[in-house]
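I've opened a new notebook page for this one. Below is the thing itself, and after it my jottings.

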Amino acid sequence: MLRQKWWKIVCVAALLYTFIAGFLGPVPAKPILNETIRNLYFHVAMWFSMMIFFIVSVIYSIKYLRKPNPVFDIYALEYAKAGIVFGCLGVLTGSMWAGFAWGAFWSNDPKQLGAIIALLIYLAYLVLRNSMTDMDKRARIGAVYNIFAFAMLFPTIWIIPRMVESLHPGGLGGNPAFKDLDPRMEAVFWPGAVPGWCLLGVWITTLRIRLQLVVEKRILSNA
Amino acid sequence: MRQNLRPISPILTLFKKDLLLEVRQQYTFYGVLLYVASTIFVLYLAMGEPDGPVWKGLFWMMQLFICVNAVAKSFLQEGRERLLYFYTIAGARDFILSKLLFNALLMFAMSLLSLALFLLMLGDPTTKALAFVGISVLGGISLSLVFTFLAAIAARAQQSAALMAILGFPLVIPQLLLLNKISTIAFETVVQGGLVGMVLVLAALDAMIIVLTIILFPFLWKD
């Protein structure tokens, strides 16, 4: 299915729609936010994508532990990398948004800190994998760590920032966000931004997976 | 003696073995104690008696380093052959549970001792010293759980304590932040409402780590 063309066309169309409707379309004039609210199509959609990639990655890690197939390990690794890239983009776009809406690019907001910690935990996954040369061992220990890292996402991103005062939605500060999302914005966010960014990430990841599979095959045939 | 050899339960037997080794050798305990005492002495020379926030921050950083050293020693002392031997006589879960138990006990003792040294050398900025004793014991045990899991990974990856430290520092940030927040209970006369909830979050995080360790360790164990 992933070698088919249609979803790549959908991806480009969704992203074009996101960019055109996102920058030119109507948005509600809210105090403080004003036009920066358009960043919702980028910042929030990128976090959605990151979460989806980490979920896919952990599913492949679990699959690897149940049935040690090196292909699962490549999938888990590449999806984790895609998640890290989208997480970094999410932090960057968020920081830009904060610079114009909150008055500072970085304000040690609990969710900003949580996101950085989560990314550090995932970067440690890459470091751990690089520390081992034996392929089977690397795959198995990597899978174990990946599951652990995924579990740590919940306290760092989802639970602790919600228990303290935060400028982000969900914290005790009372930022309502999604509860009153304008229907005109929903029409861009759900059909355009979220699937667009997700599919772009999947596209990049499948290319990298195919590359890794070719590399692996060459190593095996040379040995 | 012969009666003692009959195992009541493998977990307790392995735990007793660790305890006995420690009591006979007294290497980890005094080694870490010397390490703690000299570090705190240097801190005392460098900053005298610091204020509450500095004291608190130093205390938790100290706990982190104590934990890396204490847990690394207790886990990495088992050579490859000895691990194989344990593999033949006990299940993976029994082994890791005994290690969790032993390291928790070790950190329990180490946090109380380092707290005593802190109070002795760096003064006592707390308002509720008893509450802080409880928090530091909880913190020490929480850290020991994470590092036991990481020590298991590092031992399998056949790397030294260095890998454990690299992996561990991002992973313990959520716990350290929680602990630092929780310890304000002991530093202020008025207790903020949300802090009790944070203690519960920390306990839930610990429970999650224990469950994950028990589930994932068998995959690390088999070779």
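What follows is a run of entries on what I looked up, grouped by place.

**Entry: what I'm looking at**

I note before anything else that this is a predicted model.

**Entry: where the chains touch**

I started with the two chains and how they meet. I find 23 residues of chain A in contact with 23 residues of chain B. On the chain A side, α4 and α5 each supply at least two of the touching residues. Which helix gives the largest share of that side? I get α5(A), with 13 residues.

**Entry: helix α5 of chain A**

That sent me to α5(A) itself, which runs over residues 135-163 of chain A. I count 29 residues in α5(A), and from first C-alpha to last it reaches 41 Å, close to the 42 Å expected at 1.5 Å a residue. I also looked for a bend. There is one of about 25 degrees at A:M152, and a proline, A:P155, follows within four residues.

**Entry: helix α10 of chain B**

Next I looked at α10(B), residues 194-221, which has 28 residues. Its ends, C-alpha to C-alpha, are 40 Å apart, close to the expected 40 Å. Where does α10(B) bend? I see about 35 degrees at B:I215, with the proline B:P218 following within four residues.

I then listed what is buried in α10(B): B:M198, B:L202, B:L205, B:I209, B:T213, B:L216, B:F217 and B:L220. I reminded myself that an α-helix has 3.6 residues a turn, so residues three or four places apart point the same way. What covers these buried residues? The cover includes α5 of chain A, plus α6 (92-122), α7 (129-156) and α8 (161-182) of chain B. I like that α5(A) turns up here too.

**Entry: α3 and α4 of chain A**

Back in chain A, I checked how α3 (residues 70-101) and α4 (residues 110-130) pack. Their axes come within 10 Å and cross at roughly 150 degrees. I therefore put α3(A) and α4(A) down as roughly antiparallel to each other. The crossing is left-handed. From α3(A), the residues making the contact include A:A80, A:G83, A:I84 and A:G87; from α4(A), they include A:A115, A:A118, A:L119 and A:Y122.

I picked A:V85 in α3(A) for a closer look. Is A:V85 buried or partly exposed? I have A:V85 as partly exposed, because 17 C-beta neighbours sit inside 10 Å and a buried residue needs 20 or more. From A:V85 to A:L119 I get 9.4 Å, C-alpha to C-alpha, with their positions 34 residues apart in sequence.

**Entry: α4 and α6 of chain B**

I did a similar check in chain B. Here α4(B), residues 52-76, packs against α6(B) at an angle of about 145 degrees, the axes being 9 Å apart. This crossing is right-handed. On the α4(B) side I noted, among others, B:W55, B:F59, B:M62 and B:I66. Among those they meet in α6(B) are B:F102, B:L106, B:M110 and B:F118.

**Entry: two buried spots in chain A**

I looked up A:G196, which lies in helix α6 of chain A, residues 183-222. I call A:G196 buried because 25 other C-beta atoms lie within 10 Å. Which residues does A:G196 contact, leaving aside neighbours within four places in sequence? I find A:C11, A:A14, A:L15 and A:T18. A:M46 is 150 residues away along the chain, yet its C-alpha is 9.7 Å from that of A:G196.

A:W47 is in helix α2 of chain A. It is buried too, as A:W47 has 21 other C-beta atoms within 10 Å. The C-alpha atoms of A:W47 and A:L89 are separated by 8.6 Å, and the two are 42 residues apart along the chain.

**Entry: a loop with odd phi values**

Last, I went to the loop between α1 (6-24) and α2 (43-66) of chain A, where A:I32 sits. Most residues other than glycine have a negative phi. A:I32 has a positive one of about 70 degrees, and it is not a glycine. A:N34 is in the loop between α1 and α2 as well, with a positive phi near 50 degrees. I have A:I32 as exposed, with 10 other C-beta atoms within 10 Å, and A:N34 as partly exposed, with 13.

Conventions
Residues are numbered from 1 along each chain as its sequence is written. Chains are lettered from A and ligands numbered from 1 in the order in which they are written. This is a predicted model: local features need pLDDT of at least 70, side-chain atom pairs count only at pLDDT 80 or more; totals for chains, interfaces and linings use all residues. The expected span of a helix is 1.5 Å times one less than its number of residues. The bend at a residue is the angle between axes fitted to the seven residues ending there and the seven starting there. A residue is buried if 20 or more other C-beta atoms lie within 10 Å of its own, exposed if 12 or fewer, and partly exposed in between; C-beta atoms are placed from the backbone. Two residues are in contact if their C-beta atoms, placed from the backbone, lie within 7 Å. Axes are lines fitted to C-alpha atoms, for helices over the stretch in contact, and angles run from 0 to 180 degrees between N-to-C directions. Angles under 35 degrees count as roughly parallel, over 145 as roughly antiparallel, 65 to 115 as roughly perpendicular and the rest as oblique. A crossing is left-handed if the near helix is turned anticlockwise from the far one by less than a right angle, and right-handed if clockwise.
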